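The following account leads the reader through a protein model, beginning with residue contacts and proceeding to the strands.

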Amino acid sequence: MDEPKKTYKLLSHTEAISKEEIKSLYDGYWVYIVKAKFTEARGLIEGIPVVIGSVPYDGVDDGIYEKYKTDEYVERVGISLRHGPGFISSLRLAESAYV
């Protein structure tokens, strides 16, 4: 039997990029971002995108988020850039600082 197709991708960013660049590069995906910086109103300014997926926390069963559960990666956030019924097509905080 064939192994199920992965619907997430690990990214290779090492430096923070702006909210606008994240939106441009990963439009249509759910994005997990580490070392995120926010405005006082919790609007995303920048961060390091490390995972994109078709759905929130895509790949959690594979343990891909475990390495980000250290203080080195705070703050962490998931955002949806997905479109269509049931999705908001703007940056939206999907979690607190912990998975």
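Contact here means that heavy atoms lie within 4.5 Å. The model is predicted. In it, and not counting residues up to four places away in sequence, Ile-33 touches Ile-22, Leu-44, Gly-47, Ile-48, Pro-49, Glu-75, Arg-76, Val-77 and Ile-79.

Several of these names recur in the largest nonpolar core, which has 13 residues. Within this core, Ile-22, Tyr-26, Val-31, Ile-33, Leu-44 and Ile-79 touch the most other members. Two or more residues each come from α1 (19-26), β3 (30-38), β4 (44-53) and β5 (77-80), and β3 gives the most, with four residues. A second, separate core comprises 11 residues, including Tyr-32, Ile-48, Val-50 and Tyr-68. In a regular strand the side chains alternate between the two faces of the sheet.

Attention now turns to β4 and its pairing partners. β3 and β4 are antiparallel and are joined over seven bridges; Val-31 has Ile-52 of β4 as its bridge partner. The two strands form a hairpin with five residues between them, and Arg-42 in that turn has a positive phi of about 70°.

Strand β1 (residues 8-10) also runs antiparallel to β4, with three bridges joining them. Here Ile-52 in β4 is the bridge partner of Lys-9. Strand β2 (residues 17-18) is likewise antiparallel to β4, through two bridges, and Ile-17 has Gly-47 in β4 as its bridge partner.

How many of the 10 residues of β4 are buried? Eight of them are, so β4 is largely enclosed by the rest of the structure.

Key: Residues numbered from 1 in each chain as written. Predicted model: local features only at pLDDT ≥ 70, side-chain atom pairs only at ≥ 80, totals over all residues. Heavy atoms only, no water. Core = buried A, V, L, I, M, F, W, Y, C linked by side-chain atoms within 4.5 Å. Buried < 20%, exposed > 50% of the residue type's maximum accessible area, 1.4 Å probe, protein only. Pairing = 2+ DSSP bridges.
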